[in-house]
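Biologist: Could you walk me through a few cysteines and neighbouring spots here? I'd like the reasoning as well as the answers.

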Amino acid sequence: PWVKQQIEALLQALLDGKCPVASLDLSGTTLCLSQPGRFATHALGLVCKMLTTPNNKLRYLNLHATHLCGLPPGSEAGDGFSLEGVRMLCDALAHPNCALETLDVSDTGMKAEQEEQMPSRM
C-alpha cells in the first residue's frame, strides 16, 4: 500500500511537471491521514490544486476509501470526523478551472441525510 509521503510525492510531481492526467485513482490510499492515523489535508490540497490549475485535463477522480472525513473516534487513533476535507474539495469543484466529470467519494465517511421538515406553525 502507498504511504502518505509517496502519494504526496506523486501528486507534487504531476503538478510540477504539468502532466495532463485525465484520470486519477487514489482509492484505498491514506490520502487524508498522516502517521499515526491522524487526519491531514496536505495531500488533498495537492489534488485540489490539480483540479483548479488552468487547462487541467483531470476528468475522473476516485477518492473511494481515502478517509476524506477523518476517522471516527476510537478507531485507529481517530480524532473524529471533520468536514475540512469536504470543504476543500467542494471549493475546488466549484472553481471555474475545474473540469471534473466523475468523482467517487464512496466509503469516505460522508453520508447524505435528508432533514425532516418541521411543520409550519401558522
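**Cysteines, a loop and a strand**

Modeller: Happy to! Cysteine 48 is buried, with a relative accessible area of 8%. Please keep in mind that this is a predicted model.

Biologist: How many disulfides are there?

Modeller: A disulfide needs two cysteine sulfur atoms within 2.5 Å. For cysteine 48, the closest cysteine sulfur belongs to cysteine 32 and is 8.8 Å away, too far for a bond. The sulfur of cysteine 90 has its closest cysteine sulfur in cysteine 48, at 9.3 Å, again too far. By this rule, the count of disulfides is zero.

Biologist: Is cysteine 90 buried, partly exposed or exposed?

Modeller: Buried would need under 20% relative accessible area, and exposed over 50%. Cysteine 90 has a relative accessibility of 44%, so the class is partly exposed.

Biologist: Which residue offers its backbone oxygen to the side chain of asparagine 56?

Modeller: Asparagine 56 sits in the loop between α2 (42-52) and β4 (60-62), and at 12% relative accessibility this residue is buried. Beyond its neighbours within four places in sequence, asparagine 56 touches Met50, Leu51, Asn97, Cys98 and Ala99. A polar atom of its side chain lies 3.0 Å from the backbone oxygen of threonine 53.

Biologist: And what is the C-alpha to C-alpha separation of glycine 70 and phenylalanine 81?

Modeller: Glycine 70 belongs to strand β5 (residues 70-71) and is buried, at 4% relative accessible area. Phenylalanine 81 is eleven residues from glycine 70 in sequence, and in space their C-alpha atoms are separated by 5.0 Å.

Technical notes. Residues numbered from 1 in each chain as written. Predicted model: local features only at pLDDT ≥ 70, side-chain atom pairs only at ≥ 80, totals over all residues. Heavy atoms only, no water. Buried < 20%, exposed > 50% of the residue type's maximum accessible area, 1.4 Å probe, protein only. Helix = DSSP H or I, 4+ residues; strand = E, 2+ residues; numbered from the N terminus. Polar contact = N/O pair within 3.5 Å; in protein donor to acceptor, adjacent residues only side chain to side chain. Contact = heavy atoms within 4.5 Å.
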